[in-house]
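Here are a few short exercises to work through with the model open beside you. Try each task on your own, then compare with the solution below it.

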Amino acid sequence: MIDLYYWTTPNGHKITIFLEEAGLAYRLIPVNIGKGEQFAPDFLKIAPNNRIPAILDHAPADGGAPVSMFESGAILLYLAEKTGQFIAADLRGRASTLEWLFWQMAGLGPMAGQNHHFSVYAPEKIPYAIDRYVKETNRLYGVLDRRLAGRDFIAGAYSIADMACYPWIVSHKRQSQNLDDFPNVKRWFESIRARPAVERAYARAEEINPAQPPMSDEAKKVLFGQTAANTAR
Ligand SMILES: N[C@@H](CCC(=O)N[C@@H](CS)C(=O)NCC(=O)O)C(=O)O
């Protein structure tokens, strides 16, 4: 059994997608980040960065004590290694899965995240910041589009690289990106959206946080303006 500390955000969806695809038994533990639940002492013990997702694997492959993990890319890799699924077994396939997984973690995720922040959440609209992140997101979509030309998936067979990228493309409109400009991304996106496991993963999100209401002022206060001092627990 795997406990998944989860909220209904792109980084959370990556892990429900994997667990649904692999058919692993898991329990969702909602961590409502808009209410500050990411600062609960028990959560911080396994996720010291006060961010979801995190997991607790009660049956690790070495048969020892439960293993906890934070950081969605590390969790995807851990689960792929645990199950032997969604990462190529050969050296070259594995290398290409890892490079695109890390590309998502270090590029697409953070840039699209800042794009959301300045375009949607920031209390003042700062044209330079919006333009900077919309353009950088656009560049990254272009990189992904070129990668997907002539390919069904990002790194050979369907893999953790696809699972990492897909949830960040779901919110393309919020990122001011038009999928018609990226036909390979669009084809890939539609094929992943239609996967039954992906549908189940997003249905779990609906159960936990129906209709995903717009972020409240209270949630903005919790999420934005965190510093070392005010998050020290
Ligand atoms: N690099 C981290 C980022 C995780 C992350 O930013 N999680 C967000 C939700 S998508 C969060 O928990 N935010 C809580 C907060 O900002 O306090 C990962 O991929 O796991």
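**Exercise 1.** Find which atom of I52 lies 2.7 Å from an oxygen atom of the ligand.

*Solution.* Start at I52 in this predicted model. Its partner atom is a backbone N or O, and the distance to the ligand oxygen is 2.7 Å. Next, widen the view: 13 residues surround the ligand, and I52 is among the closest, together with Q38, E71, S72 and Q226. Now look for further polar contacts. The side chain of R51 places an N or O atom 3.0 Å from a ligand oxygen. E71 uses a polar side-chain atom, which lies 2.9 Å from a nitrogen atom of the ligand.

**Exercise 2.** Work out what is unusual about the backbone at the I52 to P53 bond and at E71.

*Solution.* Begin with the general expectation: most residues other than glycine have a negative phi, and most peptide bonds are trans. Then check the bond between I52 and P53, where omega is about 0°, a cis peptide bond. P53 belongs to the loop that runs between α2 (41-46) and β3 (54-57). Finally, turn to E71, which is not a glycine but has a positive phi of about 80°. E71 also sits in a loop, the one between β4 (67-70) and α3 (72-83).

**Exercise 3.** Decide how α1 and α6 are oriented to each other, oblique or parallel.

*Solution.* First take the axes of α1 (residues 10-22) and α6 (residues 160-170): they come within 8 Å and cross at roughly 140°. Angles over 145 degrees would count as roughly antiparallel, and α1 and α6 are therefore oblique to each other. The crossing is right-handed. Now list the partners: P10, N11, H13, K14, I17, F18 and E21 of α1 touch I160, M163, A164, Y166, P167 and W168 of α6. Sorted by class, the residues of this contact are nine nonpolar, two polar and two charged.

**Exercise 4.** Do the same for α6 and α7: at roughly what angle do their axes cross?

*Solution.* The axes of α6 and α7 (residues 183-193) come within 10 Å and cross at roughly 105°. Since 65 to 115 degrees counts as roughly perpendicular, that is how α6 stands to α7. On the α6 side the contact uses D162, C165, Y166, I169 and V170, and on the α7 side V185, W188, F189, I192 and R193. Eight of the residues in this contact are nonpolar and two are charged, with no polar ones.

Notes: Residues numbered from 1 in each chain as written. Predicted model: local features only at pLDDT ≥ 70, side-chain atom pairs only at ≥ 80, totals over all residues. Heavy atoms only, no water. Axes fitted to C-alpha atoms, helices over the stretch in contact; angles between N-to-C directions. Helix = DSSP H or I, 4+ residues; strand = E, 2+ residues; numbered from the N terminus. Parallel < 35°, antiparallel > 145°, perpendicular 65-115°, else oblique. Left-handed = near helix turned anticlockwise from the far one by under 90°. Contact = heavy atoms within 4.5 Å. Nonpolar A, V, L, I, M, F, W, Y, C, P; charged D, E, K, R; others polar. Near = heavy atom within 4 Å. Polar contact = N/O pair within 3.5 Å; in protein donor to acceptor, adjacent residues only side chain to side chain.
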